[in-house]
Amino acid sequence: MPIKYSCCREGEWLEDYNNWYDLAQLYFCTKCQRIKCWRCTQPVIKVKFCSRCSQITTGNNCPKHCFNCPKCNGALKITSSTEKDGKSFMFNCQCGYSFDTGTIHQPQPLSRIIRNLNKNTPYYQLKAFYEGKGSLPKQNEDGDPSWGTNKLPILARVRSKNDVYCRVCKSWLIVHRADVSSTAKFNSTAQDYVPEVYLDRSQDKFLLHFINNSKELMDVKITYSPGTEYHFPNTKFKLGATTEKLVGQTKDSTAEVKTQSLNEDQGNLRVQVSTTPPEVSLNHVIIPIETQLQEFSIPIHVQISGQLSFGFSCMNIPEV
Ligand SMILES: [Zn+2]
Ligand SMILES: [Zn+2]
Ligand SMILES: [Zn+2]
Ligand SMILES: [Zn+2]
């Protein structure tokens, strides 16, 4: 059962499940020492590019005039022919789709030509009718008004890569390179700092897993509201640094144990946990939950101390 994390607010705000996020959706600001959600961060467009040909653009259309096929979404091949009073453009796709613009008298960008043709389709006529700007589309020979069938070439979308900064301290949380293909050169995601928490049910027992994917050892303290129908016998523990670092440093069997898949049988995992020398903290700790309940939602607050000190709230969101 995955656990969701809250960002910054408290009180009633947290009763809305939309304000809880997957860890992968969150950033971490090392200066503020806090989890940051999209509300706490500001994106800035670093580079815009065509989703079809990856050509970088400053405008809203591909500079190479890429269009997608409305039937199969493939790339359309465009040819033009000069006529005595203008020019016409032909779009062709491997799937057999083709479209002819007819004679265009005024020189203009292809994107504008298609947009203007688009205004004559039944969908736009219907939209215009409901906006009080036009009449209903005429029916075709079969008496079928063919609402919304839009068989015009589709302009390839322009995508962007955004850098992201913290709204509070203005530190950069994501910085991309100024090209299209590469991944971010700096990326401060919550997954790199905040333990991954998940709830597991094994033979009528509930177990809370904590996995540290950061490079630092951390002391963990769990708090939860008193008088609840569940109880954590163990609320303070150490969470070792991620195994990636340890695997490089040691070649003994303990490092092997720590890299095992999370899907392994729980009993198996616990045996291996207990055979690990106590001076080595595992980056994966399993905390039992004592309860008679069969289904519940546990909001807990987790305080981390170590190289970084921060707190966060997390809970399992009931499935709707
Ligand atoms: Zn936030
Ligand atoms: Zn393109
Ligand atoms: Zn096609
Ligand atoms: Zn910050």
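Me: Which residue in strand 20 is the bridge partner of Phe 206, and how should I read such a pairing?

Reply: The strands of a sheet pair through backbone hydrogen bonds, and they may do so in a parallel or an antiparallel way. In this predicted model, the partner of Phe 206 in strand 20 is Ile 289. The pair belongs to a set of 6 bridges that join strand 16, residues 205-211, to strand 20, residues 284-291, with the two strands running antiparallel. Within that set you can also find His 209, whose bridge partner in strand 20 is Ile 286.

Me: What order do the strands of this sheet take, and which strands are at its edges?

Reply: The sheet is an open one of 4 strands, in the order 15-16-20-18, and its pairing is antiparallel. Strand 15 (196-202) and strand 18 (230-231) are the edge strands, since each of them pairs on one side only. Between strand 15 and strand 16 there are 7 bridges, again in the antiparallel sense, and one of the partnerships to look for is that of Asp 200 with Leu 207 in strand 16. These two strands form a hairpin with 2 residues between them, where Gln 203 takes a positive phi near 45°.

Me: Which residues of strand 16 lie on its covered face, and which on the uncovered one?

Reply: The general idea is that, in a regular strand, side chains alternate between the two faces of the sheet. In strand 16 the covered face holds Phe 206, Leu 208 and Phe 210, whereas Lys 205, Leu 207, His 209 and Ile 211 make up the uncovered face. The two residues whose partners in strand 20 were named above therefore fall on opposite faces by this alternation, with Phe 206 on the covered side and His 209 on the uncovered one.

Me: How many residues does the largest nonpolar core have, and which of them have the most contacts inside it?

Reply: That core has 32 residues, and those with the most contacts inside it are Ile 35, Ala 190 and Cys 314. Several strands each supply at least two of its residues, including strand 3 (27-29), strand 12 (158-166), strand 16 and strand 22 (310-315). Apart from it lies another core, of 14 residues, among them Cys 66, Phe 89, Leu 110 and Ala 156.

Me: Which residues does Cys 314 touch, leaving aside those up to four places away in sequence?

Reply: Cys 314 touches Ile 3, Lys 4, Tyr 5, Val 197, Ile 300 and Val 302. Of these, Tyr 5 has Cys 314 as its bridge partner in strand 22, and 2 bridges join strand 1 (residues 4-6) to strand 22 in an antiparallel arrangement. Strand 22 also pairs with strand 21 in the antiparallel sense, over 5 bridges, one partnership being that of His 301 with Ser 313. Strand 21 and strand 22 form a hairpin with 3 residues between them.

Me: Why does Asn 73 count as exposed, and where does it lie?

Reply: A residue counts as exposed if 12 or fewer other C-beta atoms lie within 10 Å of its own. Asn 73 is exposed because it has 11 such atoms within 10 Å, and it lies in the loop between strand 7 (67-68) and strand 8 (77-83). It also has a positive phi of about 70°, although it is not a glycine. Lys 170 can be read in a similar way: its phi is near 65°, it is found in the loop between strand 12 and strand 13, and it is exposed, with 10 other C-beta atoms within 10 Å.

Me: Where is the confidence of the prediction lowest and highest among the elements?

Reply: Helix 4 (residues 253-258) has the lowest mean pLDDT, 36, and strand 3 the highest, 96. For the protein as a whole the mean is 80, and 77% of the residues reach 70 or more. Two stretches call for careful reading: over residues 140-149 the pLDDT is below 50, and over residues 245-280 it stays under 50.

Terms used: Residues numbered from 1 in each chain as written. Chains lettered and ligands numbered in written order. Pairing = 2+ DSSP bridges. Core = buried A, V, L, I, M, F, W, Y, C linked by C-beta atoms within 7 Å. Buried ≥ 20, exposed ≤ 12 C-beta atoms within 10 Å, placed from the backbone. Contact = placed C-beta atoms within 7 Å. pLDDT = per-residue confidence, 0-100.
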